[in-house]
Amino acid sequence: CAAYRAIAARHVQQQQAAIVTRLMSSTPKKHLVTHEEGVHQTMKLPTAWRNKPLFRRQGDVRFKSGMEASKLLIAEAHRRDSHEAEYIDSIASTMECLSPLFDRNPRYAFVAKQLMEPERFIQFRVAWMDDVGVVRLNRGFRIQYSSSLGPYQGPLHLGSHVNGGLIKALGFDNVFSNGLTGYDVGSSVGGSDFNPFDKSEAEVQRFCQSYMTELAKYVGPDIDDPTMGMGVAEKEMGYLFGQYKRINAKFTSGNVPFMNKKSSEVPGKAVVLFAKEMLKDINQSLMGKRCLIVGSGKTARAIAAKLLEYGAIPLTFSDESGHVYEPSGIDASKLRTISNIKTDRGATLGRYVISSTTAKFNEPSNIFDVPCDLCFSCGPIKSINADAVTQLADNGCMGVIEAGHKNVTLDARHALKSRGVMYAPHIVTLTGVNIVHAHKHDLTDATLESEVHRIYNDVKSAATEFNARGDLFAGGSMVGFLRVADAMLAHGAI
């Protein structure tokens, strides 16, 4: 009898264990970012925050919905910084995407208000001497926008178009771009209104040394790590690092040199991998796709090289002189020729026509009239507007992949959605720099592809959860904001 009771008890235990296992397997999986069960669940947080005033300047101002909170935040940005058009565009496009978050948890609207103001904005004079012996002056910038997730990190941009408003807008965008990667890095952006393309090598070196002499007071290993950006390639980074090393005794972090310029082609590779993930969602691949490339810098050329690996066909490159178009595609040999030309400072693509019998220069007159399947935009800021989107869509373009900072305007983004053209925003595609710095010397092609796959799935899942399926800009903004906002809430009012 005792043996029978023992067998019966074991049988009951096995049945109970089976029931528990079945219940656990049927429980909806919690989302990676929101930790909620299912897509349409509501965050179990106190709603008292909705009754608190979002602003108290001239009487208490409250909001009843997430969209109303977004409009209040955009209006506040207009009131304080109406002269900074790029910054207003960044605030408006991002806050509209975050309104579903404010609906679920009103407290996040108060965090967004805090995030609209950078932690620190540094502006300084950069004096340098040109080849004629004349002292020239430029403005230098570094905005250390958010250190909630870790030490500051962000690009340096050089160009006559750079100003305080643009730096502020790029710093705000970089908060979400760095946040969505899941790495412990903050957000910063810097640069100057110095144009390196019409200067001699000696003038660029003298400028970089003068710029870093002042910037070195605010950056350093595990404090703020500048990376390459518009107009800043390996040579400029080398000059900047050399001056920093001259001034400071400590210039490494974890046996890796500060301002490491290793694998400068990785950001371009990551852009192509994001395009690959996007096409995979519609059961397509890059094989045979005719690709329009706007721009001809280091990122554009890295994109072309990676596209060739996947069997795609790069068609164009462009710069300030115009664009070159190869109807049958740009192969590896032609790409090497273009790279050799663009390595010389100030050289334009017009020289390529001399070495190619099939290339067309500025024909057609508008690069967006070239029929293509995909467009990779690595050109200047706001190089793709609503009219360009219309031309691309009419010519059969199925996707625009933003490979440069703020290439696509707000109107163009709306046009892409209305025409049903896929869009990969720069806050998602330009995370390759963070992947390089996170993995340092251990980064392999397999690791890069795995990290891109992880980031893309996080963004896609967040977009789906908040009823914005396929909107990678909304998904990226939400993932980045949630990670930064949760850290800010833990830190208090700072």
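These legends describe close-up views of a predicted model.

**View 1. Strand β14 and its side chains.**
Strand β14 covers residues 399-402. Which residues of β14 point one way, and which the other? Gly-399 and Ile-401 point one way. Val-400 and Glu-402 point the other way. All of these residues are buried. In a regular strand, side chains alternate between the two faces of the sheet.

**View 2. β14 beside β13.**
Strand β13 spans residues 374-377 and runs parallel to β14. How many bridges join β13 to β14? There are 4. One pair to find is Phe-376 and its bridge partner in β14, Ile-401. Helix α12 (residues 386-394) belongs to this view too. Together, β13, α12 and β14 make a right-handed β-α-β unit.

**View 3. β14 beside β15.**
Strand β15 covers residues 422-424. β14 and β15 pair in the parallel sense, over 3 bridges. Look for Ile-401 again: its bridge partner in β15 is Ala-424. From β14, the chain crosses through helix α13 (residues 410-419) to reach β15. This β-α-β crossover is right-handed.

**View 4. The largest cavity.**
Searching the whole structure gives 3 cavities of 30 Å³ or more. The largest cavity holds about 130 Å³ of space. Its lining is made of 13 residues. Which of them lie nearest the centre of the largest cavity? They are Asp-89, Lys-406, Val-408, Leu-410 and Arg-413. Helices α3 (85-104) and α13 each supply at least two lining residues. α3 gives the most, with 3 residues. By type, the lining of the largest cavity has 4 nonpolar, 4 polar and 5 charged residues.

**View 5. The second largest pocket.**
About 570 Å³ of space lies in the second largest pocket. It is lined by 23 residues. Closest to the centre of this pocket are Tyr-423, Arg-469, Gly-470, Asp-471 and Leu-472. Several elements each supply at least two residues of the lining: α3, α13, β15, α16 (445-465) and α17 (472-491). Which element gives the most to the lining of the second largest pocket? It is α13, with 5 residues. The lining of this pocket divides into 11 nonpolar, 5 polar and 7 charged residues.

**View 6. Helix α8.**
Helix α8 runs over residues 266-280, which is 15 residues. At 1.5 Å a residue, α8 should span 21 Å. Its end C-alpha atoms are 21 Å apart, so the two values agree. Is α8 largely enclosed or exposed? Of its 15 residues, 13 are buried, so α8 is largely enclosed by the rest of the structure. An α-helix has 3.6 residues a turn, so residues three or four places apart point the same way.

**View 7. The loop between β12 and β13.**
Two backbone features are shown in this loop. A cis peptide bond joins Glu-363 and Pro-364. Its omega is about 5°. Pro-364 is found in the loop between β12 (360-361) and β13. Asn-362 lies in the loop between β12 and β13 as well. Phi of Asn-362 is near 55°, a positive value in a residue other than glycine. Most residues other than glycine have a negative phi, and most peptide bonds are trans. Why does Asn-362 count as partly exposed? Its relative accessibility is 31%, and partly exposed means between 20% and 50%.

**View 8. The loop between α16 and α17.**
Asn-467 has its place in the loop between α16 and α17. Its phi is positive, about 60°, although Asn-467 is not a glycine. Is Asn-467 buried or exposed? Asn-467 has a relative accessible area of 61%, so it is exposed. The cut-off for exposed is over 50%.

**View 9. A sheet of three strands.**
In what order do the 3 strands of this open sheet come? The order is β10-β11-β12, and the pairing is antiparallel. β10 (316-319) and β12 are the edge strands. Each of these edge strands pairs on one side only. Strand β11 covers residues 322-325. It pairs with β10 in the antiparallel sense over 4 bridges. One pair to find is Thr-316 and its bridge partner in β11, Tyr-325.

Definitions and conventions: Residues numbered from 1 in each chain as written. Predicted model: local features only at pLDDT ≥ 70, side-chain atom pairs only at ≥ 80, totals over all residues. Heavy atoms only, no water. Buried < 20%, exposed > 50% of the residue type's maximum accessible area, 1.4 Å probe, protein only. Pairing = 2+ DSSP bridges. Right-handed = clockwise from strand over helix to strand, strands pointing away. 1 Å grid on protein atoms, 1.4 Å probe; cavity = no way out; pocket = protein on both sides within 12 Å on 5 of 7 lines; lining within 4 Å. Points joined across faces, edges and corners; volume = space filled by probe spheres on them. Nonpolar A, V, L, I, M, F, W, Y, C, P; charged D, E, K, R; others polar. Expected span 1.5 Å × (residues − 1).
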